[in-house]
Every structure is written in structure tokens, then in C-alpha cells.
Amino acid sequence: MVARLLLRAWLRGPAVGPGPLCRPLSAGSGSGEYLQRSIVPTMHYQDSLPRKTEQFCKSFENGIGKQLHEQLVAQDKQNKHTSYISGPWFDMYLCARDSIVLNFNPFMAFNPDPKSEYNDQLTRATNMTVSAIRFLKTLRAGLLEPEVFHLNPAKSDTDTFKRLIRFVPSSLSWYGAYLVNAYPLDMSQYFRLFNSTRLPKPIQDELFTNEKARHLLVLRKGHFYVFDVLDQDGNIVGASEIQAHLKYILSDSSPAPEFPLAYLTTENRDVWAELRRKLASGGNEEALRKVDSAVFCLCLDDFPIKDLIHLSHNMLHGDGTNRWFDKSFNLIIAKDGTAAINFEHAWGDGVAVLRFLNEVFKDSTQAPAVTPQSQPARTDSSVAVQKLNFKLNDALKTGISTAKEKFDATVKTLTVDLIQFQRGGKEFLKKQKLSPDSVAQLAFQMAFLRQYGQTVATYESCSTAAFKHGRTETIRPASIFTKRCSQAFVREPSKYSAGELQQMMTKCSTYHGQLTKEAAMGQGFDRHLFALRYLAAAKGIALPELYLDPAYGQINHNILSTSTLNSPAVNIGGFAPVVPDGFGIGYAIHDNWIGCNVSSYPGRNVREFLQCVEKALEDIFDAIEGKCIKT
């Protein structure tokens, strides 16, 4: 080890050579001028000193970390029915005591129905509800197409292959798909899409599911309504009946409640747990059971969406009165038919929600259950639709008022803005043999460097659904390659030719591709370290020094938190920053343009950041086209 350190120092040359104290002494430098005359220069060893973080890492790797890893492997071998990360990941979410609004729940907005007349609120709400129930029935009947990532769809995404693979035993079917470069994805989260709710409990919440329930929960103007969407035989209630019931709810002229109950789902989880206990014991247990067990929550808003910024605010948090944030998902439909999903994150990840969103969009637009001309059924909705009434004592009213104050104060601090870069997208970048995702991530690095003069911890979510009960892994987009490239573009563009900048971008793209592949294949380090830390805590072992090191804290203080999704069904998506001084960056790379939807709290300037992102993308495209980069 010492030899290697010495060799490294020697190879660095002048960097560790004689410093200022080794210059020849002046003629007047007598022996009384100095305490001593060291043969070895004072700072000779400084550059080659091992860093404390490196020592912690080595100590962890060869000591307690090694022991914990061996225990984790042994534990994993005893639990082959699941993933080593699944239990700890559920616990991480469910033990979090912060409000789930902004801190955890993201949103995805649907594109409008291509047939504009179908965007009428009642028509779209009916069609999306029917399509969602069709999805539920298809899933539970085992008729939903398995989720598979096809590397060679010409071979694997064919009826011929599907007819063959269905006869391969389930215990071997994955291997059959693997032989034709197809990777089946985990679908264990899907059942939680329906009839599910996160229940607030002291210390740790619980996930509740009741697949026997047949009713839909509808929220409008802070009021709660339920009606059956499945009959006693499990068949979907007629679309015209669902339409009639929704029309009945939309015609309710009752004023908004003075104390909207939904605010409680925005509270700190321990506070909400205690208030819910009081709510249940105060004669509301049956009403709460109906809320918790409902197939899903449909939120009908009484106003149109003004623009994409308004859309983001409304679908991410709204005014707090017309969402039940604890439900597995809220399907939100505004007055003008703008629709989105806000989902609770503990039960599952974006892969399951995006599949649901894609199928509902496709079915509701291509095989709509009703048309704008359809007439609602002649049925007595006043009997079929039950309006839930909650009994509130003074303590609950005070709790609701306090929750409202906290919610209003918090959402006021959130800023959202967006850009749509129209110069090019996926098609152009792929022709240049550049990873489109690496280009977007490089633009974020360049933008932050331009705005704040530094590189910071960056998080990009990557699904590990290729494994049983997989959740996510972290891609770390900020690297030595993006740092060098960003500095070249931002600080000294005139120093480099377009060709040299292109070479740097290629290195960024290659390395980002490697990181993405490693993360998707479970070879990232974040979840592994998380699981080792969780195991240490579970066994009562003192937290290893590695986790107390400031460097570990810094890399997990993700100032740039990023997530991307691409789908013909999705208009826009977004989430709040994960740290107070961060940006929440939702982005999508389309064939011919790049969209970026960013949020922040006070202290960060979203508009300026997006201007820097736009400048970065312009510079990247200029360099690709061989143009000079303007400072």
C-alpha cells in the first residue's frame, strides 16, 4: 500500500515536489532564524495523505460492512420469495412521519383526449372510470399482458413467442424469455393499485387492502360520495349508470364544508394517526371503512386548468380539500377534462402507475364507454349514491383548522416552472450516437454550475423491476466526466473546439449508459448501503462510522432530484424537491423536443435555473452541429 502511494506521488511529479520552504536560504538566513532544518520539506506528505472518508470506506469494507454484508446475504438466502430491499424499503416509507403531500406523492398528467368533445368532464370521468375498472378486472382475471422489457421485440413481442412461452412452467418462464432477450418485470405491486389506502399509525403506517369492496369514492368540493361500480357478481355496472351517478354528484349544489376532512391526510403522520383514532371512535368508523376500501378515489374539480404551471400545482397538491392523499391513487379530473393521477408512494413505484395510466388512456380514448351524445341511465342516483357524513367534535375541528394552516403555509412556498426545448429530442440525439438521457442530465449539471458555480449531489431514479419485488436504484449522474464537460462549456468554451466538446459529451454518454445499466441490473451502491444500515439498526449495532461521515451525508443530500418518464399518454409529470434547498426535476425526452418541469422552495430560483438549462441545451446542440459556443 505504501509503495503504491509513493508511486502515485512520484508519478504526479512537481505537484508534490519541493514547496516554498525548500527555496535556497537567503544570505542573511543565519542559524538563529529557524528552529530546525528538516531534510524532508514541511508539506512533502500533504498531497498523498489518505482522506478520512477513504479510511472509513476501507474500514467499513473490511470490517463491520463485511460482516453486515455476510448477514444480509444469509438473510436473503432464507427469503427467496422476495428481495432483500423490499421490506426495508416499505419500512422507510411507512416510518416517515412527514406529510406525504409534496414530500412523497408525485403526479402524472394525462394528455387530452384527441377528440376534443370527449374532454367534457362528465364524459371523460365516466370513460376513465370504466376503463380503470376494466383494468382492475383484467388484472384480477390474469388476462393483463405481463410487463416485459423487449430488447429484440421482433423475436419476443410476437404472438408466436407468447403462444410458446405460456406452456413453459412459471418456475422456468423467465429463462424462456431471457433466451430471446426479453426481460419480464416484477408486477407484485399491481394489486395495491385498487381498494388500497395508507393508514396513519403511530411510529409506522400500515398498507390496507380490501379486494372485496365494490364501490368508488368520489370527492367534489370537499364532500365524499360512494357508489358501486361492480355488481354482486363482479360485473362492471353499466356505463350509463356510472354516468348518471357522476352527473348527480356534479349537480349537488351543497356548499363546501366548513371543516374539509381531507386536510387531515396532509398532516404529519403521527398527528394524523391520533386524529384518525378520535375520528373513528367518534362514530365515523363505518364511513372511514368505505373511504379506505374504495376501489380508488375520483376527484372532480369545479374549475378548468389555466396553464401547465396551474396544472402542476393542482395535480401535485391542489387546495387540500378535494384529495384523499392516503389512497393508492387519486384520479383527478378538472372542469375542462384535464386529468391526472396523484399517487401515494409507499405501496409502489412509477412503473405500475405508468402501466395503469397508459392502459386507461388507450382504452378510454380508443374504446370509450360513452360518447358526448350518450344519455345517462334513468336511475334513482339519490338511492344508489351515498353521501358520507362525518361527525366532528371540537378537537377534530381544531385539528382540521391546524392542518389547513400548515398545508396553506407549505404549498405557498413551492414554485413550479417549466420549459419545452423545441430544437430537437430523442431522434436527433440518437443519430449522433448520444444517450438522450445523458444529454438531459448533462444539461442539468451545466445549468447548476452556471447558476451556482458548483457541482452537487444528483439523484436519478431507476427501476429495478427486472428482479422479484425490485423497487428502485439510484443513478448518480454527476460524475468526473460531467464535471469536466460542464466546466468546459460554462467556464472556458473558447478553449475547446466543437470536436473536443463532442468527445467530452461522448464520454459522458458512455459513462451514463454504464451507470444506468448497472442500476437497472441491481449493481448500484445506494440500496445496498441502505440495506446494510437498516440491518445494523435492526440488530442493535452502533451506526458504522461510514454513515456518520459528512461525505456520506452530502451525497445523500440530493439537491438535484430527477426523474423521467416517456409515454404517449403522459402530458407532464412532477414532484417537489426532496431537500429544502433542492430542485425537483421531472423531465421527458420526446422524439423532437425535451420537456422539463421543475419545482423549488425559497432560496432556489426555478426560472433562472430553467434559463440555464435552456442555455445548456442550446450549447450542446451547437457543439454537436460544430458551431462556436457563446459565453
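Here are two short exercises on a pocket and the cysteines of this predicted model.

Residues are numbered from 1 along each chain as its sequence is written. Local features need pLDDT of at least 70 and side-chain atom pairs 80 or more, while totals for chains, interfaces and linings use all residues, and side-chain values use heavy atoms, without hydrogens and water.

**Exercise 1.** Work out which helix gives the most to the lining of the second largest pocket.

*Solution.* Let's start with the term: on a 1 Å grid over the protein atoms alone, a pocket is an open set of points where a 1.4 Å probe fits, with protein on both sides within 12 Å along at least five of seven lines, and lining residues have an atom within 4 Å of a point. The lining here has 50 residues, with Glu147, Trp174, Pro184, Leu185 and Asp186 nearest the pocket centre. Next, look at the elements (DSSP runs; helices are H or I with at least four residues, strands E with at least two, numbered from the N terminus). Those supplying at least two residues each include H3 (64–77), H7 (159–165), H8 (170–178) and strand E14 (472–475). H8 comes out on top, with 7 residues.

**Exercise 2.** Explain why Cys596 is in no disulfide.

*Solution.* A disulfide needs two cysteine sulfur atoms within 2.5 Å. The closest cysteine sulfur to that of Cys596 belongs to Cys612 and is 12 Å away, so the two are too far apart for a bond. Cys596 is also buried (under 20% relative accessible area, 1.4 Å probe, protein chains only), at 4%. As a check, the structure holds 0 disulfides; for Cys462, the nearest cysteine sulfur, that of Cys508, is 19 Å away. Cys462 is buried too, at 8% relative accessibility.

Notes:
Buried < 20%, exposed > 50% of the residue type's maximum accessible area, 1.4 Å probe, protein only.
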